[in-house]
Amino acid sequence: MCIGVPHIIIETGQLQARARSRDGEAIIDMALVGDQPVGTHVLVFLGAAREVLDAQLAGQIADALEAMDRVMAGDSDIDHLFADLINREPELPEHLRQGATAAHPEKGIH
């Protein structure tokens, strides 16, 4: 299974960068996102940066990957890795909110 992994850029080059992830350092292709400064978080899939991330989202993705590793190893103590989701009602994406509210105004779906 191939999964995007957040990396942080530690050295830039021409359409390439050296970046660090939870798995170590790698040279990544930056053609899809353009040159980015040192310290930028990017989502890397199959050796290429596919998206520029903010630090919070990069951390959340890293936590989700850690949770997946733990579950695959038989550990079920992962709630702390989803602190942003615990004790929170699910929310519809913004583009679906208007349609849901119009279809069911009595529910006030958020």
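1. In which loop does Asn-87 lie? In this predicted model, Asn-87 sits in the loop that runs between α1 (55-72) and α2 (94-103). The backbone there deserves a careful look, since Asn-87, a residue other than glycine, has a positive phi, with a value near 60 degrees. As for its surroundings, Asn-87 has a relative accessibility of 83%, and because the cut-off for exposed is over 50%, Asn-87 counts as exposed.

2. A positive phi also appears at Leu-15, where the angle is about 60 degrees although the residue is not a glycine. Leu-15 belongs to the loop between β1 (5-12) and β2 (16-21). Its relative accessible area is 43%, and since partly exposed covers the range between the buried limit of 20% and the exposed limit of 50%, Leu-15 is classed as partly exposed.

3. On the overall architecture, the chain holds five strands and two helices, and, read from the N terminus, its elements follow the order β-β-β-β-β-α-α.

4. On burial and surface, the chain has 110 residues, of which 23% count as buried. The area that the chain exposes comes to about 7,500 Å², and carbon and sulfur atoms supply 54% of that area.

5. On contacts along the sequence, if one takes the contacts in the chain between residues at least 6 apart in sequence, 32% of them join residues that are at least 24 apart.

Notes:
Residues are numbered from 1 along each chain as its sequence is written. This is a predicted model: local features need pLDDT of at least 70, side-chain atom pairs count only at pLDDT 80 or more; totals for chains, interfaces and linings use all residues. Side-chain values use heavy atoms; hydrogens and water are left out. Helices (H or I, at least four residues) and strands (E, at least two) are DSSP runs, numbered from the N terminus. Buried means under 20% relative accessible area, exposed over 50%, partly exposed in between (1.4 Å probe, protein chains only). Contact means heavy atoms within 4.5 Å. Accessible areas come from the Shrake-Rupley method with a 1.4 Å probe; for residues, only the protein chains shown count as cover.
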